[in-house]
Amino acid sequence: MKRIAILGSTGSIGTQTLDIVQHAPEKFQVEALSGGYNTKLLIEQANQFKPKLVSVATKELADEVLMNVSAGTKVVYGEEGLIEVAAATDADLVVTALVGSQGLRPTLAAIDAGKHIGLANKETLVSAGHIVTEAVRKKGIAVLPIDSEHSAIYQCLNGENRSQVSKITITASGGSFRERTRAELEGVTVEQALQHPNWSMGAKITIDSATMVNKGLEVIEAHWLFDLSYDQIDVLIHPESVIHSYVEFVDNSIIAQLGNPDMRVPIQYALTYPDRYTTPTKRLDLAAIGKLHFREMDYTRYPCLRMAYESGRQGGTTPTVFNAANEMAVARFLKGEITFLQIEQVIEAALQKHESYSNPELDLIHEQDQWARSFAESIQF
Ligand SMILES: NC(=O)C1=CN([C@@H]2O[C@H](COP(=O)(O)OP(=O)(O)OC[C@H]3O[C@@H](n4cnc5c(N)ncnc54)[C@H](OP(=O)(O)O)[C@@H]3O)[C@@H](O)[C@H]2O)C=CC1
Ligand SMILES: CC(=O)[C@@H](O)[C@H](O)COP(=O)(O)O
Ligand SMILES: [Mn+2]
């Protein structure tokens with residue numbers, strides 16, 4: 001039986017992780033859960049899965065949860081609560097499904113406590129990849145990718161000689177506006193941006209998919225997860241999201257991983273690796289699909305992906321700022337404060353203003369993350 005803790009159990013990845021657990025209750029024990037503000041769902045989850053510990057965003061919410069869960073469940077809150085969920089239970093594996101770089105400290109706490117990581121929270125690796133990677137190396141724990149593209153690459157690399165990889169290609173759906181030109185992006189609404197063609201996900205990643213920031217974050221995530229140079233990481237538009245990504249080897253052989261767009265497959269793989277079991281998902285029927293399509297990436301259409309590559313190559317605090325400026329810009333777009341096209345302008349302005357520091361320690365990462373947020377919040381159009 002695998003003991004797991006979930007950071008972000010009330011979100012899209014968190015609920016799908018619990019769906020996997022519910023379909024194979026004999027395989028998993030839920031030790032701890034964390035939600036943010038959705039106490040109704042967290043209380044339901046706590047009463048169903050009976051964790052020893054749950055965490056919420058604030059003390060008031062913790063008091064509310066405490067009155068509605070069994071006496072055996074301890075309730076904590078805030079960043080300290082997240083760190084407790086990450087590190088202070090008997091969990092073998094922590095699923096990091098928080099959104100944003102707020103996941104960094106809890107993830108590091110889990111690693112320091114010797115937990116294996118099921119990594120969905122890509123912003124953590126983007127913001128402080130060198131610190132996370134070093135902590136993982138020191139502790140000798142495993143990081144099992146949950147992000148669908150990285151799970152695909154992880155599966156393609158299984159048993160292969162890493163030195164014989166020539167490059168990897170991360171596939172991109174193109175997001176909610178993939179059939180629009182840049183001119184047609186003027187005046188698009190939040191509701192339109194939230195309509196992802198293939199995946200049902202949280203709001204922030206859905207906007208990131210439309211701006212192609214998501215692919216940018218994934219390129220940096222892949223750099224750290226698979227120890228590849230940026231020249232070895234390509235992005236290809238593949239509207240159907242059936243080929244989740246692929247690896248090319250020096251002999252020109254390609255190994256790809258395919259499946260219907262359903263996150264429960266990569267989530268379960270991370271939970272049960274190296275074993276595979278049946279999942280409550282639909283079988284991929286290629287004959288029914290008939291055709292798959294591919295388009296070359298257009299960096300003029302998607303400048304955020306260009307900025308992500310530049311930030312990754314620059315390294316140091318630059319990816320931290322790229323990520324934090326984007327988080328604030330997306331939050332402002334979702335609140336109706338800025339337009340869709342202004343997201344990329346906010347990121348660009350933050351990157352231009354920022355002075356990059358190489359090999360930053362955690363405190364400097366935090367400082368630069370905060371600086372980028374304040375700067376991105378202050379820009380007026
Ligand atoms: N969704 C997907 O299919 C995929 C997601 N990912 C990555 O996984 C991560 C999670 O994404 P997703 O599940 O879509 O995001 P959601 O927005 O659906 O969920 C985010 C989770 O974080 C919690 N949270 C947010 N703010 C706080 C806070 N201040 N304190 C404590 N908890 C908080 C939310 O709690 P609450 O709702 O209770 O406030 C929720 O549980 C992201 O990094 C994303 O990029 C990667 C691949 C696919
Ligand atoms: C499901 C998943 O892994 C997402 O990160 C997905 O990749 C988003 O789709 P895009 O390809 O549109 O960014
Ligand atoms: Mn992805």
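What percentages of helix and strand does the chain have over residues 4-129, and how far apart are the end C-alpha atoms? In this predicted model, the chain over residues 4-129 is 46% helix and 21% strand, and the end C-alpha atoms are 23 Å apart. An unreviewed UniProt entry annotates residues 4-129 as "domain: 1-deoxy-D-xylulose 5-phosphate reductoisomerase N-terminal". The unreviewed entry also carries the annotation "domain: DXP reductoisomerase C-terminal", which covers residues 258-374. Over residues 258-374 the chain is 59% helix and 3% strand, with the end C-alpha atoms 41 Å apart. The table sets out the two annotated stretches.

| Residues | Helix | Strand | Distance between end C-alpha atoms |
|---|---|---|---|
| 4-129 | 46% | 21% | 23 Å |
| 258-374 | 59% | 3% | 41 Å |

**Domains and their contact**

The protein is divided into domain 1 (2-145), domain 2 (150-314) and domain 3 (315-381). Between domain 1 and domain 3, the C-alpha centres lie 26 Å apart. Eight residues from domain 1 and nine residues from domain 3 make up the contact. On the side of domain 1 that touches domain 3, there are three nonpolar, four polar and one charged residues.

Helices H6 and H16 also meet. The axes of H6 and helix H16 (residues 362-378) come within 11 Å and cross at roughly 180 degrees. H6 and H16 are therefore roughly antiparallel to each other. In this contact, Ser127, Ala128 and Ile131 of H6 meet Leu362, Ile365 and Asp369 of H16. By class, four nonpolar, one polar and one charged residues form the contact of H6 with H16.

**Surroundings of ligand 1**

Ligand 1 is surrounded by 28 residues, of which the closest are Gly11, Gly36, Asn38, Met201 and Gly202. The shell around ligand 1 comprises eleven nonpolar, 13 polar and four charged residues. Helix H1 (12-23), helix H6 (122-139) and helix H9 each supply at least two residues of this shell. H1 gives the largest share, three residues. Because domain 1 (2-145) and domain 2 (150-314) both give residues to the shell, ligand 1 lies between them.

**Surroundings of ligand 2**

Around ligand 2 the shell consists of Asp147, Ser148, Glu149, Ala172, Ser173, Gly175, Trp199, Ile205, Ser209, Asn214, Lys215 and Met263. By class, these are four nonpolar, five polar and three charged residues. At least two residues of the shell come from each of helix H7 (148-157), helix H9 (203-211) and helix H10 (213-226). H9 therefore has a place in the description of both ligands, as it supplies at least two residues to the shell around ligand 1 and at least two to the shell around ligand 2.The UniProt annotation "binding site", from an unreviewed entry, covers Asp147, Glu149 and Glu218. Although these residues are spread over 72 residues of sequence, they cluster in space, with a largest C-alpha distance of 8.4 Å. Glu149 is found in helix H7. Asp147 and Glu149 are among the residues that surround ligand 2.

**Local backbone features**

Two loops contain backbone features to note. The peptide bond from Tyr273 to Pro274 is cis, with omega near 5 degrees. Pro274 lies in the loop that joins helix H11 (264-272) and helix H12 (286-289). Asp227, a residue other than glycine, has a positive phi near 55 degrees. The position of Asp227 is in the loop between H10 and strand S9 (233-237).

Conventions
Residues are numbered from 1 along each chain as its sequence is written. Chains are lettered from A and ligands numbered from 1 in the order in which they are written. This is a predicted model: local features need pLDDT of at least 70, side-chain atom pairs count only at pLDDT 80 or more; totals for chains, interfaces and linings use all residues. A residue is near a molecule or strand if its C-beta atom, placed from the backbone, lies within 6 Å of it. Helices (H or I, at least four residues) and strands (E, at least two) are DSSP runs, numbered from the N terminus. Ala, Val, Leu, Ile, Met, Phe, Trp, Tyr, Cys and Pro count as nonpolar, Asp, Glu, Lys and Arg as charged, and the others, Gly among them, as polar. Domain bounds come from an automatic or database domain assignment. Two residues are in contact if their C-beta atoms, placed from the backbone, lie within 7 Å. Axes are lines fitted to C-alpha atoms, for helices over the stretch in contact, and angles run from 0 to 180 degrees between N-to-C directions. Angles under 35 degrees count as roughly parallel, over 145 as roughly antiparallel, 65 to 115 as roughly perpendicular and the rest as oblique. UniProt positions are given in the numbering used here, feature names are shortened, and annotations may be inferred rather than shown by experiment.
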